[in-house]
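User: I am new to reading protein models. Can we go through this one by asking what justifies each label?

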Amino acid sequence: MSADEFRAALARLAAGVVLVTAHDPEDGPRGEDVGMTATAFLSVSLDPPLVMVSVRNGSRMDDLLAEQPLWAVSVLAESQRHVAGRFAMKGRISDRLLFEDIAYTRGEASGAPLVGGALAVLECRTEQRVVAGDHTLVIGRVLTAAAPTSSEAGPLTYFRGRYRTLA
């Protein structure tokens with residue numbers, strides 16, 4: 001099996017899209033917010049409440065989460081495709097500029113950005129990191145979770161290499 005065959009097979013698995021964020025207090029006078037689009041995110045346990053995200057080894061987020069145990073997840077709505085695309089770009093501009101015109105609040109438990117208009121937001125503390133091939137699985141205990149009841153928006157999904165909405 002080639003890498004292309006593997007990638008093509010897994011492209012047939014639809015996935016929700018989230019923005020994983022963390023605050024790096026060591027970067028500059030007030031620190032810097034870091035964000036990463038992810039589709040490899042899932043619930044692990046209800047008791048205790050645990051979630052998992054897969055991050056590429058050596059990425060900015062992997063390096064930060066190795067040092068900073070607090071992070072957040074915003075479950076993106078179908079109208080937030082631009083947010084997902086912005087934080088998924090390779091060779092992108094600085095994270096500070098990426099957050100510049102995105103509405104967000106700062107999580108009380110994590111200090112990380114929580115995207116406005118998201119379907120749900122969670123704040124987490126890393127419980128375990130497991131290296132798995134070229135990625136690290138970061139398992140986090142959910143410290144806070146909120147889902148606005150007023151939103152009728154559908155989820156942003158990723159299928160066959162493109163962002164999609166449910167029909």
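Analyst: Start with helix α2 in this predicted model. Its buried residues are M61, D62, L64 and L65.

User: What makes those residues of α2 line one face of the helix?

Analyst: Look down the axis of α2. The buried residues fall within an arc of 165°, so they line one face. The general rule helps here. An α-helix has 3.6 residues a turn, so residues three or four places apart point the same way.

User: What covers the buried residues of α2?

Analyst: The cover includes β2, β3, β5, β6, β9 and β10. Helix α2 (residues 60-67) lies across those strands, and runs at about 55° to β2. Helix α3 (residues 81-88) also packs on the sheet, where it touches β2 and β3. The direction of α3 makes about 105° with that of β3.

User: Why are β3 and β4 said to stand at the edges?

Analyst: Read the strand order: β3-β2-β6-β9-β10-β5-β4. This is an open sheet of 7 strands, with antiparallel pairing. β3 (32-38) and β4 (41-45) each have a single partner strand, so one side of each is left without a neighbour in the sheet. From one strand to the next, the twist averages 35°.

User: How do you know that β2 and β6 pair?

Analyst: Count the bridges. Two strands pair if there are at least two bridges between them. Strand β2 (residues 18-24) and strand β6 (residues 70-75) are joined by 4 bridges, so they meet the cut-off. They run antiparallel. V18 has V75 in β6 as its bridge partner.

User: Why is H23 called buried?

Analyst: H23 lies in strand β2. Its relative accessibility is 17%. Buried means under 20%, so H23 counts as buried.

User: What makes the link between H23 and D33 a polar contact?

Analyst: The distance between the side chains is 2.7 Å. The cut-off for a pair of N or O atoms is within 3.5 Å, so the value fits. Leaving aside neighbours within four places in sequence, H23 is in contact with several residues, including D33, E32, L64 and R106.

User: How do you know which elements the predictor is confident about?

Analyst: Check pLDDT, the predictor's confidence in each residue, from 0 to 100. Among the elements of the chain, β6 has the highest mean, 98. Helix α4 (residues 95-99) has the lowest, 80. The chain averages 90, and 95% of the residues score at least 70. Where pLDDT is low, the predicted coordinates should not be read in detail.

Terms used. Residues are numbered from 1 along each chain as its sequence is written. Side-chain values use heavy atoms; hydrogens and water are left out. Helices (H or I, at least four residues) and strands (E, at least two) are DSSP runs, numbered from the N terminus. Axes are lines fitted to C-alpha atoms, for helices over the stretch in contact, and angles run from 0 to 180 degrees between N-to-C directions. Contact means heavy atoms within 4.5 Å. Buried means under 20% relative accessible area, exposed over 50%, partly exposed in between (1.4 Å probe, protein chains only). A polar contact is a pair of N or O atoms within 3.5 Å; within protein, one must be able to donate a hydrogen and the other to accept it, and residues adjacent in sequence count only if both atoms are side-chain atoms. The arc is that of the directions from the helix axis to the C-beta atoms.
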